[in-house]
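Colleague: I should like to learn how to read the features of a model of this kind. Please take me through them in turn.

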Amino acid sequence: MRAYLVPRKADDQLYGEVCQVPTRRLPDGDVLIAVRYSSLNYKDALAAQGHPGIVKGFPHVPGIDAAGQVVQSSSSRWPVGCEVLVTGYDLGAGRWGGWAEYIRVPADWPVALPTDRDAQWAMAMGTAGLTAALAVDSLIHEGIQPGTGPVLVTGATGGVGALAVRLLAHVGYEVAASTGKKDRHDWLKRLGASQILDRNELVAPKDKALLSARWAGAIDTVGGSTLATILRSLRPSGCVAACGLVGGPNLEISVYPFLLRGVKLIGIDSAWCPHARRVELWRRLAGEWYLDNWTELCRVVDWEGLVQAVPAILSGQLVGRTVLSVAP
Ligand SMILES: NC(=O)c1ccc[n+]([C@@H]2O[C@H](COP(=O)([O-])OP(=O)(O)OC[C@H]3O[C@@H](n4cnc5c(N)ncnc54)[C@H](OP(=O)(O)O)[C@@H]3O)[C@@H](O)[C@H]2O)c1
């Protein structure tokens with residue numbers, strides 16, 4: 001099969017390349033899937049560098065998302081011919097992932113492709129879409145409903161960020177988008193943001209325990225000092241769904257926002273999201289949360305385009321989602 005293979009830990013260099021690999025080297029599992037489309041996520045780019053926090057062994061095939069057709073199965077749940085999608089779990093991390101013509105996975109990982117939706121749509125959503133859906137669902141669960149007040153999205157032009165902006169607007173929220181890309185403000189407005197912030201506005205001096213209360217809620221893909229600023233800027237009983245760490249993994253903050261404003265910090269983990277919840281969220285993404293202009297949020301690349309996109313996502317340059325066409 002054709003696959004993007006990372007031969008070894010590469011000290012922040014990319015040594016991965018597209019090559020032919022024997023399918024017998026795929027890991028054990030119940031279901032063999034012929035991949036039609038995969039996608040590029042920030043985590044995949046780290047895996048393409050052989051990041052030791054993600055990749056457990058070499059050689060490695062990245063790709064935390066895949067959608068395609070079951071071609072071999074020992075599970076009665078997934079007969080040959082089923083159209084399925086797989087995101088997260090250990091795919092593209094502890095085991096070979098979707099940047100290949102085939103994946104083999106345990107029977108409890110796939111989700112049936114929703115009726116009337118195709119594999120390209122599934123990968124335009126991918127882990128980013130499931131993460132945005134988890135974040136929106138979590139805010140709703142914490143009482144941050146449309147009409148409660150503005151909801152801030154950081155890293156707004158990225159995969160998770162852009163889908164979060166679009167989804168929040170679709171559900172009826174007032175959306176503020178924070179970005180470092182000055183030339184993308186109009187694009188973000190078209191997605192549904194009514195207010196745009198430069199990302200530098202979210203790096204506030206650390207000496208103040210509380211900042212002016214602006215946001216009813218937030219979906220944060222940046223972490224670090226940005227997340228600390230958001231927590232200090234939430235309105236009373238506000239809530240932030242923390243998804244990412246492109247700005248850094250450490251969180252330096254006092255407990256004052258929690259004690260004086262009753263704010264909440266909730267973590268989002270799409271990789272190990274329980275199967276029943278992911279099935280429900282994929283049903284919603286394909287149904288009442290279906291984004292009919294989703295093609296504006298994604299571009300489809302071939303193997304060569306994928307190789308070029310990996311360094312671009314690592315330097316924060318990519319916009320929206322990048323879908324890999326494997327065998328459409
Ligand atoms: N928790 C989960 O389950 C989960 C799932 C998926 C992703 N994630 C995490 O979420 C984050 C985003 O993932 P993604 O796939 O959407 O990546 P992405 O497409 O690269 O988006 C990241 C965006 O963050 C902004 N950014 C980049 N570098 C930055 C910096 N140094 N400081 C502040 N902002 C910066 C950029 O947007 P602007 O130019 O618009 O600011 C960039 O487009 C990653 O940390 C990823 O690991 C977590």
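Modeller: The ligand shell comes below, followed by the backbone. This is a predicted model, in which local features need pLDDT of at least 70, side-chain atom pairs count only at pLDDT 80 or more, and totals for chains, interfaces and linings use all residues. Residues are numbered from 1 along each chain as its sequence is written.

Colleague: Which residues come nearest to the ligand?

Modeller: A residue is near a molecule if its C-beta atom, placed from the backbone, lies within 6 Å of it. Here 31 residues are around the ligand, and Gly155, Gly158, Thr179, Gly244 and Gly316 come nearest. The elements that give two or more residues to this shell are α1 (42-48), α2 (119-141) and α3 (159-171); helices are DSSP runs of H or I with at least four residues, strands are runs of E with at least two, and both are numbered from the N terminus.

Colleague: Where does the ligand lie with respect to the domains?

Modeller: Domain bounds come from an automatic or database domain assignment. Domain 1 (2-113 + 293-325) and domain 2 (127-267) both give residues to the shell, so the ligand lies between them.

Colleague: Which residues does a cis peptide bond join?

Modeller: The cis bond joins Phe58 and Pro59, with omega about -5°. Pro59 is in the loop between α1 and β4 (65-73).

Colleague: Is Asp116 buried or exposed?

Modeller: A residue is buried if 20 or more other C-beta atoms lie within 10 Å of its own, exposed if 12 or fewer, and partly exposed in between, with C-beta atoms placed from the backbone. Asp116 has 9 such atoms and is exposed. Its phi is near 70°, a positive value in a residue other than glycine.
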